[in-house]
Amino acid sequence: MTQGTEAPIESITLQGGAGTLAGWETTPPSGAENRGTVVLVPGFTGSKEDFEYMLPLLAAAGYRAVAYDQRGQWQSDGPDDIAGYTMDDFTADLLAVVDQVSPDAPVHLVGHSFGGYVSRVAVVARPERFRSFTLLASGPSSVEDIKFPPPQAVAQIVETAGQEAIWQQMSAAMTAAGQPPSPERMQFLHQRILQTKKANILGILENMEAPPLADPTALRDAGVPLLVAYGDTNDLWDPSVHEKFAQQLHARTAVYPGSGHVPNETVPDRVSADLVNFWEELA
C-alpha cells in the first residue's frame with residue numbers, strides 16, 4: 001500500500017497487554033542518517049493505515065517511523081469485554097510499544113484524535129521516554145467544545161445496532177463534508193470498522209466521557225516539547241479551541257487551511273514537513 005517510495009512499508013508484530021498489536025514500519029534509506037524513531041497512534045475507529053502516506057515521507061527525512069493498531073482495532077488483538085479498554089490499558093500498550101521499538105532512546109510521539117488522548121496520558125506517566133509530542137487533530141476533550149454527540153448516546157446506538165450503525169453515521173458525515181474518500185477507501189473504512197471489536201468502540205466511548213487528563217497543565221509540566229497541529233474546517237473542534245489549548249500547554253502550532261479532522265490523510269506532505277521541522281529545531 002505504499003506510493004512508489006524508496007521506503008517501503010513493512011508489517012511488524014508488536015506485543016500489547018492483551019495480545020499482539022499489528023504495526024507498520026518504515027526505515028530511512030540505506031546509508032542515510034537515522035535521526036530517531038517516531039511512534040504514531042491512531043484514533044477512534046482508526047488504524048495504522050491512517051498514517052499510510054506519512055510513514056514513507058518521515059523515513060525519507062531520516063526517521064524510523066512506526067504506527068500500530070490499538071488493542072481491538074482492525075488487525076490487533078483485544079479482549080471482548082469492555083473492561084479491557086480502560087485508559088490505563090491503552091496507555092500501557094503504547095508504553096510497551098515504545099519500549100519495544102526504541103528501548104534505549106526516547107521517541108517522537110504523534111497522537112491523532114483519541115490517539116492523542118492516550119498519548120498525553122503516556123507522556124505524563126513517563127516523560128523521559130519522549131523527545132517530543134504532537135497532538136494531531138486532538139482537542140482538549142470529547143465532552144465540551146466539540147461537534148460530536150455525547151459519547152453515551154453514541155454508545156447506546158452501538159450497543160443496539162453494532163458497528164454498522166456507527167459506520168452509517170460516519171459515511172454520511174464524510175459524504176456531507178463534500179470530499180468523500182474514493183470508493184476503494186470507503187470499502188476499506190467500512191471493512192475496518194466492522195472488524196474492529198465492538199468492545200473497543202464502546203470502551204473508547206466510555207473513556208471519552210471525561211477529559212483524558214483532569215488537569216491538562218500536567219502535560220505542559222511534563223517538560224516534553226509540544227506541537228498542536230490541526231485543520232481549520234471546524235468539523236470537530238473549532239480552530240479557536242485548538243489555539244486556546246495550545247496556549248494553555250505552551251505548545252507550538254501548525255494549521256492546515258481547508259483540511260478537517262484527518263490532515264494526516266489530506267495533506268500528509270505538509271504534516272510530515274511540519275513534524276520534521278519541529279524535530280530538527282529540537283535537535
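What percentage of the 283 residues in the protein is buried? Buried residues make up 54% of them. Please keep in mind while reading that this is a predicted model. Here are my notes, point by point.

1. **Overall build.** The protein contains 11 helices and eight strands. Its radius of gyration is 17 Å, close to the 19 Å that the globule rule gives for 283 residues, so the protein is as compact as a globular protein of that length. If you picture the C-alpha trace along its principal axes, it spans about 55 × 40 × 40 Å.

2. **Contacts across the sequence.** Take the contacts between residues at least 6 apart in sequence: 75% of these join residues at least 24 apart. Several of the pairs described below bring together parts of the chain that are distant in sequence, such as Lys 48 with Asp 69 and Asp 99 with Arg 126.

3. **Surface and charge.** The accessible surface of the protein comes to about 11,800 Å², and carbon and sulfur atoms account for 49% of that area. On the charge side, there are 17 positive and 35 negative side chains. The centres of these two sets lie 3 Å apart.

4. **Thr 37 and its surroundings.** Strand β3, residues 36-41, holds Thr 37. Is Thr 37 buried or exposed? Its relative accessible area is 9%, under the 20% cut-off, so Thr 37 counts as buried. Beyond its neighbours within four places in sequence, Thr 37 is in contact with Arg 64, Val 101, Ser 102, Val 107 and His 108.

5. **His 108, a partner of Thr 37.** You will find His 108 in strand β5, residues 107-112. With 1% relative accessibility, His 108 is buried. Setting aside neighbours within four places in sequence, His 108 is in contact with Thr 37, Val 38 and Val 39, and also with Tyr 63, Arg 131, Ser 132 and Trp 279.

6. **Phe 44 in a loop.** Phe 44 sits in the loop between β3 and α1, and with a relative accessible area of 16% it is buried. What does Phe 44 contact, leaving aside its neighbours within four places in sequence? The partners are Phe 114, Phe 148, Ile 166, Ile 201, Ile 204 and Leu 205. For a sense of distance, the C-alpha atoms of Phe 44 and Asp 232 are separated by 20 Å, with their positions 188 residues apart along the chain.

7. **Helix α7.** Three of the Phe 44 partners named above, Ile 201, Ile 204 and Leu 205, are among the buried residues of α7. This helix runs over residues 198-207, and eight of its 10 residues are buried, so α7 is largely enclosed by the rest of the structure. The buried set is Ala 199, Asn 200, Ile 201, Leu 202, Gly 203, Ile 204, Leu 205 and Asn 207. Which elements cover these buried residues? The cover includes α2 and α3, together with α4 (151-161), α5 (163-176) and α6 (183-195).

8. **Salt bridges, starting with Lys 48.** Side chains of opposite charge can pair when their charged atoms come close. The count here comes to 15 salt bridges. In one of them Lys 48 pairs with Asp 69, and the closest N and O atoms are 2.9 Å apart. The two residues are 21 residues apart, with Lys 48 in the loop between β3 and α1 (54-60) and Asp 69 in the loop between β4 (63-68) and α2 (87-101). Both Lys 48 and Asp 69 are buried.

9. **Asp 99 and two arginines.** Asp 99 forms a salt bridge with Arg 126, with 3.0 Å between the closest N and O atoms. That pair links helix α2, where Asp 99 lies, to the loop between α3 (114-125) and β6 (130-136), where Arg 126 lies, 27 residues apart. Asp 99 is partly exposed at 30% relative accessibility, and Arg 126 is partly exposed at 25%. Asp 99 also meets Arg 129 in a salt bridge, at 3.0 Å from N to O. Since Arg 129 is in the loop between α3 and β6 while Asp 99 is in helix α2, this pair ties together parts that are 30 residues apart in sequence. Arg 129 is buried, with a relative accessible area of 7%.

10. **A shared network.** Salt bridges with shared partners also join Asp 50, Arg 185, Arg 192 and Glu 265 into one network.

Notes: Residues numbered from 1 in each chain as written. Predicted model: local features only at pLDDT ≥ 70, side-chain atom pairs only at ≥ 80, totals over all residues. Heavy atoms only, no water. Helix = DSSP H or I, 4+ residues; strand = E, 2+ residues; numbered from the N terminus. Buried < 20%, exposed > 50% of the residue type's maximum accessible area, 1.4 Å probe, protein only. Contact = heavy atoms within 4.5 Å. Salt bridge = Lys/Arg side-chain N within 4 Å of Asp/Glu carboxyl O. Rg over C-alpha atoms; globule rule 2.2 N^0.38 Å. Areas by Shrake-Rupley, 256 points an atom, 1.4 Å probe, with all protein chains shown as cover. Lys, Arg positive; Asp, Glu negative; His and termini not counted. Charge placed at Lys NZ, Arg CZ, Asp CG, Glu CD.
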